[in-house]
Structures are given as structure tokens and as C-alpha cells.
Amino acid sequence: MTHPAPHRIVFANEKGGTGKSTTAVHVAVALAYQGARVAAIDLDPRQRTLFRYFENRKETMERREIDLPTARFDVLDSERPEDLEALVAQVGEGVDFVVFDTPGRDDPLARHAATEADTLVTPLNDSFVDFDLIGQVDAETFKVRRLSFYAELIWEARLKRSRSQIEQGRREMDWVVVRNRTGHVEARNMVRIEQALKELSKRVGFRVSQGLSERVIYRELFPSGLTLLDKGHLGELGTSHLVARQELRELIKSLNLPMPARQAPELALA
């Protein structure tokens, strides 16, 4: 029996510092906790943040002799789309989801991954510096003036995908803009960005979801490869960490991913 093609979840943003890799790791592990088979591919061979996170996770499991839900993982050291597709075929064989972490820069391979996504996740900080990635606003009214190059790229990719849906049986691309690190943003700025995102989402067709707040815990977890989901292995957790788990629960729910029938009955975030 042939296993259906895995659902591609691509975390893409042409700038760094938006929590892209952290969000990608936590989504991948959350899916694994739900019983899904997950693979993760890092498309940034220089920084290797996603790859190193899962490498640290594997080492912690071996050192502590524990078994935690995780993902197959690899890094692509190539700029050729055909090499990426070959790696997807290899690492993604028999899995339900392949999670891609792309570089925080304009990169031909990242463009390819984004345009082939089933679910495209674009994390943004609540800043008009980040918003400029997808649209430009008027300096006085903060109304959206035009789409950015990146938004136009994804718009065209979605149009192309819609034409091939019936012919090739492909999924429709779901584009989700995730608002990360909103915890310390001035209220008036948050409202302006929310309004601009709402306006642009109607024009381009993405959905907006609340993401992960800025928390020290994410940086502290990286060396061990652990996540907020790994209850019983994190020591004493404060109220803010419980709130962070709830944020992750809401994010996973908002992504509306096609879970396999064998999934666990409840996401282990409580």
C-alpha cells in the first residue's frame, strides 16, 4: 500500500529573529506527541538551528536514557531544488508531516520550499519592520499601500497551485501569518499592526494566528533539545511556562493540520 505524500509545513520568513526555528521545533514535537510521524529538514546549513535542536534532543534522550516523541531530522547543504526533493523523498518516506525551517534571508531554495508548501507559516514580530516583509503601509495612516515582493511571490504560487489542484490532486496552500513575541509591544502599535494584518489578509488570503510570546525558557531549552511539552523532564515550572504551553496548544489548533487517524486523543500540553 502506497503511503500518501506527507503534508509539508514550511516555516519561512526572509528575515531572522522572528522565532521561526523555535516555533518549527515546537510544532514538530507537538505533532509527534499527538502520534504523527514527523520529519524535519533544515535548509540553513550555516546556522543549522533546527538540526542542532533535534541533535541536542537526541543526545539528551541517550544521556538520560529516556524516550521522547521526536522527528527524523536532516540538513540540506545544497542550493538545488532537485536535491531538496530527493532529501524529502528519503527523510519523508512513510511520515505524515515534513517540517521545513528556511533561512532568514531571500534564498532560492527557501522560495522553492515556500511555493511547494501545503501549510506555509510566516512568523512575524509585532513590528512594522517585520510587517514590511509582506506589505508596505502609509507613514501617516498605517493603511496598506502595496504588497511586498514576498507576498506577491506567495500569491502567485497559490494561484498556480489552485490551477493544479484538480489536475494533479494537490492540496490547496494554507498560508498562516503567526504573530510571535507580542508580550512587550506597546498597545497602540499592536492595534495598528492588527488592523494592517486584517486588511492585508483580505487582499492576499492568509490567516492570522497568535504565536509564541518572548520567553527566556525557549533559549534555555535549546542546549538540551527539550521543549515545553516534555513534562517531567523540565524540573519545576512557573506560571509563565504553563501559559506558554497554552499558547502552543492554541497555535497547533489554529494551524488546522490534517492529523492521521492514529493520533493521540489529547495533545500533551496541560
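**Close-up 1. W175 and F206 meet edge to face.** Start with W175: in this predicted model, W175 is buried, with a relative accessible area of 0%. Its partner F206 is buried too, at 5% relative accessibility. The two ring centres lie 5.2 Å apart and the planes stand at 70 degrees; because planes over 60 degrees apart count as edge-to-face, the pair gets that label. Follow the chain and you will find W175 in strand β8 (residues 174-180), while F206 sits in the loop between α7 (187-204) and β9 (207-210), 31 residues apart.

**Close-up 2. F54 and F73 form a stacked pair.** A search of the whole structure finds six aromatic pairs, and here is one of them: F54 and F73, 6.0 Å centre to centre with 20 degrees between the planes. This pair links distant parts of the chain, with F54 in helix α2 (residues 49-64) and F73 in strand β3 (residues 72-75). F54 is buried at 1% relative accessibility, whereas F73 is partly exposed at 24%.

**Close-up 3. F51 joins F54 and F73 in one aromatic cluster.** Look also for R48, which lies over the face of F51, at 5.7 Å from the ring centre.

**Close-up 4. A cavity of about 60 Å³.** The search of the whole structure finds one cavity of 30 Å³ or more. Of its 13 lining residues, the closest to the centre are E14, R105, A110, R111 and Y150. Helices α4 (108-115) and α6 (149-168) each supply at least two lining residues, and α4 gives the largest share, three. By class, the lining has six nonpolar, two polar and five charged residues.

Technical notes
Residues are numbered from 1 along each chain as its sequence is written. This is a predicted model: local features need pLDDT of at least 70, side-chain atom pairs count only at pLDDT 80 or more; totals for chains, interfaces and linings use all residues. Side-chain values use heavy atoms; hydrogens and water are left out. On a 1 Å grid over the protein atoms alone, a cavity is a set of points where a 1.4 Å probe fits but cannot get out, and a pocket is an open set with protein on both sides within 12 Å along at least five of seven lines; lining residues have an atom within 4 Å of a point. Grid points are joined across faces, edges and corners, and a volume is the space filled by probe spheres set on the points. Helices (H or I, at least four residues) and strands (E, at least two) are DSSP runs, numbered from the N terminus. Ala, Val, Leu, Ile, Met, Phe, Trp, Tyr, Cys and Pro count as nonpolar, Asp, Glu, Lys and Arg as charged, and the others, Gly among them, as polar. Rings of Phe, Tyr and Trp (its six-membered ring) pair if their centres lie within 6.5 Å; planes under 30 degrees apart count as stacked, over 60 as edge-to-face and the rest as tilted. Buried means under 20% relative accessible area, exposed over 50%, partly exposed in between (1.4 Å probe, protein chains only). A charge sits over a ring if NZ of Lys or CZ of Arg is within 6 Å of the ring centre and within 35 degrees of the ring normal.
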